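Reader: I'm new to this structure and would love a close look at one part of it. Could you walk me through a single strand and its surroundings, and then show me what else is worth finding from there?

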Amino acid sequence: MAIKASGSSLSFSEIRTELGPPPSSNIGFYRQSFTNSSRYGNLTLEIADGLPTSGEIKFSDFYTKRLNIVVDHFSSNESQANSRNKYTTNTGGAGIYVVGGDSTGLTKTDIGNDTSGKKIYAHATKIFTSSKDAPTRCALKTGSGWTAGTQLQVDIASTARIYGSGGNGGTGANGANNGSAGQAGSSGLGIQFGTSSNRTIVNISSGAIIYGGGGGGGGGGGGFDYDKNSSRTASGGGGGGGAGRPAGAGGARGSGGTQGGVGQAGGQSGNQPAGAGEGGGGSNNGNQAYGGAGGDGGWHGGNNGFDGNKGGNGAGGEGQSRQGGAGGEGGTGLRVTGASNTITLTNNGDVKGGNASFDHGIRYNVTVT
């Protein structure tokens, strides 16, 4: 737990218990900044925020101070990274670093999973990707199991790239059936911890990129026509894949009668939002039965923003016209499970997501999985 507040005398043993034993029991050890790229990435930290780094250091400087701990999201690229899971599954090795621990000997094993009274820095500099299937799914998230009383700070460095995946395009209708819906894209960064009285700090540096993934386009509907001497069937085109990383695959065209086109795959996001895949073309069987075209996938510049487009309807006689599939929902750049007053956000990066009607680069009071 954090060192006690002022009001009674403070002993050296209380400081040592919280921050770790300094070499030679020298209190001056705590009066420094720590920089070590293999332990703290590009952060420069005190052993506890607010301690002086030069000049005189006094016992009174230590009241209410918390030990700083760093969660490593800077050593390698990750998929569906979860800061809390990384913390709790760590057994004292690389990945969780107690600031100053290379000198004091303190490790995560000594501290355990109860982080009340500690400050956690989740520091990201690499590429993060997600799975496709739901806008609630995030490439990097804080996790929700932090102990009450933990202070959490999420630092997204200028080199960080956090991408939602693109949803796959829906399959075109087989004959006189409805087209399949496009798959949803997923989201970038998820914040699952923080209250109005203990806000999570989120710093997004200039140059950082956080993009939601585009939803897949819906598959085209089919059509059927029958008259006295013949019958005609037309199948739908496949939906286009949504933009993202990974990008959504194009949907297959339907089979049966005249066939439409295959949907194109979405583009892979990089330093700019990628384009989406175009839906496959519709089909025409003798100007009597028509398969609908697949809807285009979602992307930043699309008609529906990051939401995929609905597939075209099929057409035919005798009421044999079928609906195109719905477009998949697009992902969000930043999702926060609480209200806006549960985080303190400094956003100098490029955060994108949402649809044509609403800017969902950032959304509050939403689910994160």
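Author: Happy to! Please keep in mind that this is a predicted model. Before we settle on one strand, here is a short warm-up on how strands pair. Strand β17, residues 334-336, runs parallel to β20, and 3 bridges join the two. One of the contacts to look for is V336, whose bridge partner in β20 is Y364. Both strands belong to an open sheet of 5 strands with parallel pairing, in the order β3-β7-β10-β17-β20. At the edges stand β3 (81-82) and β20 (362-364); each has a single partner strand, so one side of each has no neighbour in the sheet.

Now for the close look: strand β5, which covers residues 119-124. What are its partners? Strand β1, residues 68-73, runs parallel to β5 and is joined to it by 6 bridges. To find this pairing on your screen, start at N68, which stands opposite K119 in β5. Strand β8, residues 151-156, also runs parallel to β5, again with 6 bridges. Here you can start at I120, whose bridge partner in β8 is L152.

Is β5 buried or exposed? Of its 6 residues, 6 are buried, so the strand is largely enclosed by the rest of the structure. In a regular strand, side chains alternate between the two faces of the sheet. You can follow this along β5: K119, Y121 and H123 lie on one side, while I120, A122 and A124 lie on the other, and all of them are buried, so both faces are covered.

From there, let's turn to the aromatic rings. The whole structure holds 5 aromatic pairs. One of them joins F29 and F34, edge-to-face, at 5.8 Å centre to centre with 65° between the planes. Both of these residues are buried. F29 and F34 also belong to one aromatic cluster together with Y30 and F62.

Another pair is made by Y163 and Y211: with ring centres 6.2 Å apart and planes at 50°, it counts as tilted. This pair links distant parts of the chain, since Y163 is in strand β9 (residues 161-163) and Y211 in strand β12 (residues 209-211), 48 residues apart. Y163 is buried, at 1% relative accessibility, and Y211 is buried with a relative accessible area of 1%.

One last stop is Y87: K108 lies over the face of its ring, at 5.1 Å from the ring centre.

Terms used
Residues numbered from 1 in each chain as written. Predicted model: local features only at pLDDT ≥ 70, side-chain atom pairs only at ≥ 80, totals over all residues. Heavy atoms only, no water. Pairing = 2+ DSSP bridges. Helix = DSSP H or I, 4+ residues; strand = E, 2+ residues; numbered from the N terminus. Phe/Tyr/Trp six-rings, centres within 6.5 Å; stacked < 30°, edge-to-face > 60°. Buried < 20%, exposed > 50% of the residue type's maximum accessible area, 1.4 Å probe, protein only. Lys NZ or Arg CZ within 6 Å of the ring centre and 35° of its normal.
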